[in-house]
Amino acid sequence: ARYKRSRAQTMSNTKFVELGDSEINTPTSEIPDIEQNIKRRNKRRLIIAIVILLAVIGIGAIIILRHYIEYEDEGDSNKVITVNMSKHQTSSKSTFTHIYDKYYDRMNISRRRRLETTESLTDYYDEQFYGSITIGGQDFMVLFDTGSSNLWIPDSSCSNCAGSNKFDQSSSSTFKSIYGETFSLSYNSGVISGIVGSDTVELGGLSTSAQFGVVTSSGQGSSAQFDGICGMAYQSLADDYIQPLFQQLYSNELVSQEVFAFDLSSSDSSTLTLGGYDTSKDMLWFDLTSESYYEFGLSYFKVDGTQYNSVYSAISDTGTSFLIGPPSDVTNIGNAIGATYNSDGNYWYVDCDNKSSLKDIEITINTSAYSTQGYTYTLTSDDYILEINGICQIGIGSLENTNFWLLGNVFSRKAYTVYDMANNRVGFENV
């Protein structure tokens, strides 16, 4: 009713003009004032909008800066952990079949040939560094391996799996089987297979939910002293493209940097540091050739100034005990340093009373794949000889069809090693 009365009053006060051919006289002097008012009003609205926008940006910047400052104030010490590791020398011989499987993509062979081949792999006593990890409240000893990317442990149903600790799914209230996902790795000695699961994983005081392989069947035998493997290479190498544990820790902001380091210099106190490294070390850095293995350029393997390497790429691998290379290179180096080859046992050795008579091995690594600049590391007989059960074995071994060298723990014990995934490089202490 009010609307009708208002509308009627408005209509009664309105003057209607009939439009015809005659000129209409209207107060045109008022038009500029109206336009000016509109412009002033729009200008005020624009200014207000700009002020509001700047205020929002400022508040956002303050929030981000505050978060950054708080993060920095936490200090790296709060997000860097150290894991103690044990060293074990096996009492029986083991083969390098696990190495063959890890690197078949880098070898000059097809997968078909790999599955059919009966390659003769050099047989050595193995030296293993492993540490403790907890999954679903259950403890395991795992080999921390920079030559692979999967975390896997044996299931309680696996009768032929290595190690003494096995995962009981029913004992974990947080375990979940990933529907439809299976896990399998092929080795020359057999296949391990199982399912992909998810559970709470604890390492060095850190806890996160992570996916891993649960091995229910193994064709390898049970000679290994560790229960499983914790791969620490890039995700591109992982079976089923499962994100490696360390990268999960970093993604969940449980460590401050995508960096980890191995100190294997002392058998009594070997450590793995996650989320940082000892910055007091004088490090030399070497760029990686890809985000897969920790692979970099290699210049020389020399003995007495003579070069013996036929390939020019190397991979840092903590899951391998020795220096592994092409058979011809290894034969030449073994003879050059003064070692003797045992054809029955397939290993190089020296009389333990004559260890000091063996010559040094010089390894020169390139700073990048496209650089001729390199740094040389010298391994003495004390570095590369392992005395096991009264036999002084040389820490070198051969692998058929390889076009690279593996720098295993014989090299890692010599130089503190940092794996910088954020900058795609590996660092060795300048010794």
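1. In this predicted model, a nonpolar patch of about 500 Å² lies on the surface, and the residues that make it are L46, I50, L53, L54 and I57. One of these, L53, belongs to helix α2, which covers residues 30-74. With a relative accessibility of 52%, L53 counts as exposed, because the exposed class begins over 50%.

2. Nonpolar residues are also found in the interior. The largest nonpolar core has 79 residues, and those with the most contacts inside it are F144, F260, L274, L323, I363 and I394. A second core, separate from that one, has 13 residues, among them I192, V215, F226 and I242. As background for a reader new to the structure, nonpolar side chains in soluble globular proteins tend to be buried together.

3. How many salt bridges does the model contain? The count comes to 4, and three of the pairs are taken up in the points below, beginning with D304 and K359, whose side chains meet at 2.8 Å, N to O. This pair links distant parts of the chain, since D304 sits in the loop between β12 (295-303) and β13 (306-307) while K359 sits in the loop between β17 (347-350) and β18 (361-366), 55 residues apart. As for accessibility, D304 is exposed, with a relative accessible area of 58%, whereas K359, at 37%, counts as partly exposed.

4. The side chains of E387 and K355 form another salt bridge, with an N to O distance of 3.8 Å; the pair qualifies because the cut-off is within 4 Å. Here too, distant parts of the chain are linked: E387 is in strand β20 (residues 385-388) and K355 is in the loop between β17 and β18, 32 residues apart. Both partners fall in the partly exposed class, E387 at 48% relative accessibility and K355 with a relative accessible area of 27%.

5. Is D420, which pairs with R425, buried or exposed? The side chains of R425 and D420 meet in a salt bridge at 2.8 Å, N to O. D420 is buried, with a relative accessible area of 3%, so a colleague inspecting this pair should note that its value falls under the 20% limit for that class. R425, by contrast, counts as partly exposed at 23% relative accessibility.

Methods. Residues are numbered from 1 along each chain as its sequence is written. This is a predicted model: local features need pLDDT of at least 70, side-chain atom pairs count only at pLDDT 80 or more; totals for chains, interfaces and linings use all residues. Side-chain values use heavy atoms; hydrogens and water are left out. Patches are made of residues with over 30% relative accessible area and no salt bridge: like charges are joined within 9 Å, nonpolar side chains (Val, Leu, Ile, Met, Phe, Trp, Tyr) within 5 Å. Accessible areas come from the Shrake-Rupley method with a 1.4 Å probe; for residues, only the protein chains shown count as cover. Helices (H or I, at least four residues) and strands (E, at least two) are DSSP runs, numbered from the N terminus. Buried means under 20% relative accessible area, exposed over 50%, partly exposed in between (1.4 Å probe, protein chains only). A nonpolar core is a set of buried Ala, Val, Leu, Ile, Met, Phe, Trp, Tyr and Cys residues joined through side-chain atoms within 4.5 Å.
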